[in-house]
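Please look over the model shown here before reading the notes that accompany it. The briefing is arranged by topic, with the bullet points meant to be read beside the structure.

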Amino acid sequence: MPKNQSNTQKSDEFMQGLGANERALLERIPVLFLRKLAAAMVRAKMRVQFTGWLQYMLPVPLILVLFITAGMTRLLGVMQVGNGFAFFGTLLLMVFIFDIFTVKFRQRLPEGLPKRNDDLGIFDLMRARRSCRSFQTRKLTPDDYKELMEYVQLHSELAMIGKAPVRFEYIAAPLTVWPTVNASEFLVAIVPNEYNRLAVIDVGRSLQKIVMDATRMGLGTCWIGPGADHVSIKQHLGDHFNPEEDHIICVCAVGYKSAYIPLFLRIFNSQMSRRLPLSSLFFTGSDFKEPLNVDAYPFNRFGRN
Ligand SMILES: Cc1cc2nc3c(=O)[nH]c(=O)nc-3n(C[C@H](O)[C@H](O)[C@H](O)COP(=O)(O)O)c2cc1C
């Protein structure tokens, strides 16, 4: 067997079970040893993130650093600076305990149902919607469940671009996902096992329409691709998943948005939900260098789109 081929096979072995995004990143690392090391680190990260604790534990190193710095500066006699570090350490520790208590252990005051967004048109719905990464502990009401399933059916029957069947399975179970917390209802997008680019596009189109209708209902949604543990999804799908014929594209968590959001997720949301200005999205040429002048004719006709 040629040397290159055997190397590729070995590298395939240690990357098995990793997602397409992780593989693509790892394949950029030229040295095999470093690639293996990075793959081991990615695996370790996945194991920790799928324990469901990482969302809460991330402030811990910072809390430790603040207390250690407070202790050291006090030892050096700079008491006021030490007290400052101790104050911020205590503050962060309290937030950490509050998050564990209210989100992880769900010890919280009950939250109300959100208001519907029936008054918003589609563009305002798109603007208003943000991925929801912390859900209330209550299930969808029977009325909301029924309405949502009607939209799922409607948009699954929509004329598809491709020919492959696309379906959405509903699961009511706390699937292992990252970094969303307390999601307990999901739609799982499934296409035929054999890779088909149009089927992936069809999932995107249909699910986006479902997500928009869910937003109109006042529901929170979060698409989860790389952050979904497929082992846990398949377990819960049971007979509704055929490993020979089916392929999971992504899941979408659906439910009522919670006001209890762990500190790490607040920061994560603010970073992830930043929307690019039009000048970073639309260009005059296929080299994506010259931003399109969206204020000039004919593009200004599209207004706030
Ligand atoms: C195909 C797809 C996969 C995604 N996977 C994840 C994921 O694994 N975890 C997550 O928290 N968000 C995931 N998202 C949500 C995106 O991070 C989010 O839509 C994006 O940052 C824009 O933020 P917004 O939805 O608040 O506007 C995914 C979105 C898409 C479309």
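The points below take up the sheet, the helices and the surroundings of the ligand in turn. The model is a predicted one, and it contains an open sheet of 4 strands as well as a ligand that 14 residues surround.

**The sheet**

- The strands of the open sheet follow the order 1-2-4-3 and pair in antiparallel fashion; strand 1 (167–172) and strand 3 stand at the edges with a single partner strand each, so one side of each has no neighbour in the sheet.
- From one strand to the next, the twist averages 25 degrees.
- Strand 1 and strand 2 (residues 185–192) run antiparallel and are joined by 6 bridges, and Arg167 stands opposite Ile190 in strand 2.

**The helices**

- Helix 8 (residues 142–156) packs on the sheet, where it touches strand 1, strand 2 and strand 4 (246–255), and its direction makes about 160 degrees with that of strand 1.
- The axes of helix 8 and helix 9 (residues 197–216) come within 9 Å and cross at roughly 155 degrees; because angles over 145 degrees count as roughly antiparallel, the two helices are described in that way.
- The crossing of helix 8 and helix 9 is right-handed, and the residues in contact include Leu148 and Tyr151 of helix 8 and Ile210 and Ala214 of helix 9.
- By class, this contact has 5 nonpolar, 3 polar and 2 charged residues.

**The ligand**

- Among the residues that surround the ligand, the closest are Ser131, Trp223, Gly225, Gly227 and Ser273.
- Strand 3 (residues 220–224) supplies the largest share of the shell, 3 residues, and the shell by class has 7 nonpolar, 5 polar and 2 charged residues.

Methods: Residues are numbered from 1 along each chain as its sequence is written. This is a predicted model: local features need pLDDT of at least 70, side-chain atom pairs count only at pLDDT 80 or more; totals for chains, interfaces and linings use all residues. A residue is near a molecule or strand if its C-beta atom, placed from the backbone, lies within 6 Å of it. Ala, Val, Leu, Ile, Met, Phe, Trp, Tyr, Cys and Pro count as nonpolar, Asp, Glu, Lys and Arg as charged, and the others, Gly among them, as polar. Two strands pair if DSSP finds at least two bridges between them. Axes are lines fitted to C-alpha atoms, for helices over the stretch in contact, and angles run from 0 to 180 degrees between N-to-C directions. Two residues are in contact if their C-beta atoms, placed from the backbone, lie within 7 Å. Angles under 35 degrees count as roughly parallel, over 145 as roughly antiparallel, 65 to 115 as roughly perpendicular and the rest as oblique. A crossing is left-handed if the near helix is turned anticlockwise from the far one by less than a right angle, and right-handed if clockwise.
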